[in-house]
Amino acid sequence: MFFLLIPIVLGFNLTYSNGTENTTIRAVAADFGFIQYGHSFEGKVYVAGGFDLCQPFETENTTLKKAFMGTILAGCSFVHMASVAESNGAQLVILVHADDNIDRFLLISDHTSQVKIPVIVVAKSDGIKISELQNVMINIFFDLLQTDSVSLRYLMTSLDTQSYQFLKQFHYFYNEMQTQLEFAPIYAQYWLQEAAIHNFTVSSEMCVSGGRYCGLDPDGNGPLIGRDIILEDLRQICIFDQNNKKWWYYALSFYEQCVLQLQNVTDLNECSRKVQVQSEVDVAKVQKCVNESFVGPDYIMDDNTLLAQQREYVINRTNPIWPSLIINNVLYRGDLYIENQYEVGLKYTKDNFAVLEAICDSFTDSTRPNVCLDNIIYEVGKTTDEHKQQDSSNQQYVWAWIGITGFILVCMIVGFFFFRRKIKIDTQQDLKEQVGLQMSQYYKFTEKEEQSKK
């Protein structure tokens, strides 16, 4: 049996009014949809008949923005409710919870719902109050903590395909703003509840360290076991600590060559070693890091210092879901990557990449990176090697400009030196001519004086 923490969900203040009185309540965002961080929503609430958003319903024609409200207990998925509401003209979806405890509530989606409007959850009592009023208007501001440099912590596991989708799509933008980001991956693992009861002295092929850090079987009846996931997590932690730029190339290449080809992988360590060599990672140094991270020689039973640090981070934020992104210590809510992530040639910008907009809005206005201000188009389908070549090309371009600028500067300095020297020579020549002319005139004057005396 695996142990799982329930996360505390951060939310927003929602103000509603029927024209006579304003009331502010708490709302939390879903983990899917396009949360418009840094923006506000103001519109009219339309309550679905029987609180059921599973079926389309008609509303009046109006120039006001529309927020559709229904219950989470309707007989269809949350994503279906939001999709139905969006297709019927809603710009916001309000889901009413089954009780009043929404701070520990989470809507689980696949992080790419194709829903392009915000989806929020309110407490049962608040939803009932709103539904009993007529002509209710609401206002909500999706605010984020803004800082000069932004902290990103990405919760993932090494063999989870969804964990790599955000990395694939964010990689280009990360390269453009990395000097203003503090990014680090956080690897999450389960632990055996039975092992905790027995002071973590349980041996299991799914775990290391006596059952402290465990992974689910990645290939069913295949040759790989849960322990392989944990050891790969460790390798990736070591690679990131040694060189975070190489970690990006390694992680994306590992995804392409090992994760996507998992049915053909019989030895995950060997697959990792090949990718490390391709990514110019020091294989021996990584293995040494992995070995030394255990407090003793027996990795099956001995605790691990690196995994303990990662576990502490997860527990302190009570956030067990992955993949997930924490921006400036606040859990990001919304789609982590765009739809059709496998479609080669799919182009997108900040305006349809929800998580990128949230990251950009976390910068202060004066420090926002250029990639957040420009309408840069990114194309899905480039391989890691192509990204690496692009990065290399960009570096070559920069060095070329530095070389050209340096050459021009040297030419200017040399030219200025020769110009000064020429001016000096010309000046000396003119001075000699002037002196010679003056001396000649002086001699002539002297001769005339002598002749006049005679």
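**A seven-stranded barrel and its surroundings**

In this predicted model, Ile 94 has Ile 120 of β6 as its bridge partner. Strands and helices here are DSSP runs numbered from the N terminus (E over at least two residues for strands, H or I over at least four for helices). Residue numbers start from 1 along each chain as its sequence is written, side-chain values rest on heavy atoms with hydrogens and water left out, and local features need pLDDT of at least 70. Side-chain atom pairs count only at pLDDT 80 or more, while totals for chains, interfaces and linings use all residues.

The pair just named belongs to a run of four bridges that joins β5 to β6, and these two strands are parallel. Two strands are taken to pair if DSSP finds at least two bridges between them. On another side of the picture, β2 and β6 pair in the antiparallel sense over three bridges, with Val 28 standing opposite Val 121 in β6. Strands of a sheet pair through backbone hydrogen bonds, either parallel or antiparallel. Within β6, Val 119 and Val 121 point one way and Ile 120 and Val 122 the other, yet all of them are buried. Buried means under 20% relative accessible area, exposed means over 50%, and partly exposed lies in between (1.4 Å probe, protein chains only). In a regular strand the side chains alternate between the two faces of the sheet.

Stepping back, these strands sit in a closed barrel of seven strands with mixed pairing, in the order β1-β2-β6-β5-β4-β3-β7. From one strand to the next the twist averages 35°, with axes being lines fitted to C-alpha atoms (for helices, over the stretch in contact) and angles running from 0 to 180 degrees between N-to-C directions. Strand β1 (residues 11-17) pairs with strand β2 (residues 22-29) in the antiparallel sense, over seven bridges. Among the partners, Tyr 16 is matched with Thr 23 in β2.

Two helices pack on the sheet. Helix α1 (residues 78-87) touches β4 (66-71), β5 (92-96) and β6 (119-122), and its direction makes about 140° with that of β5. Contact here means heavy atoms within 4.5 Å. Helix α2 (residues 124-131) touches β1, β2, β3 (40-47), β4, β5 and β6, and its direction makes about 125° with that of β4.

What surrounds Val 93? This residue lies in strand β5 and is buried, with a relative accessible area of 0%. Leaving aside residues up to four places away in sequence, Val 93 touches Leu 53, Phe 68, Ala 82, Ala 85, Ile 117, Pro 118, Val 119 and Ile 120. Its C-alpha atom is separated by 5.5 Å from that of Ala 67, although the two residues are 26 apart along the chain.

Two loop residues have backbone angles worth a look. Most residues other than glycine have a negative phi, and most peptide bonds are trans. Phe 51, in the loop between β3 and β4, has a positive phi near 60° without being a glycine. With 21% relative accessibility, Phe 51 counts as partly exposed. Asn 135, in the loop between α2 and β7 (137-141), is likewise not a glycine and has a positive phi of about 50°. With 54% relative accessibility, Asn 135 counts as exposed.

Beyond the barrel strands, strand β8 (residues 150-156) and β9 run parallel and are joined by seven bridges, with Val 150 opposite Leu 181 in β9. Six of the seven residues of strand β9 (residues 181-187) are buried, so this strand is largely enclosed by the rest of the structure.

Helix α9 (residues 305-316) has twelve residues and reaches 17 Å from its first C-alpha to its last, close to the 16 Å expected at 1.5 Å a residue; the expected span is 1.5 Å times one less than the number of residues. The buried residues in α9 are Leu 306, Leu 307, Gln 310, Arg 311, Tyr 313 and Val 314. They cover an arc of only 155° around the axis, which puts them on the same side of α9; the arc is that of the directions from the helix axis to the C-beta atoms. Gln 309 and Asn 316, on the other side of α9, are exposed.

As for the chain as a whole, there are twelve helices and 15 strands. Buried residues make up 46% of its 454 residues.
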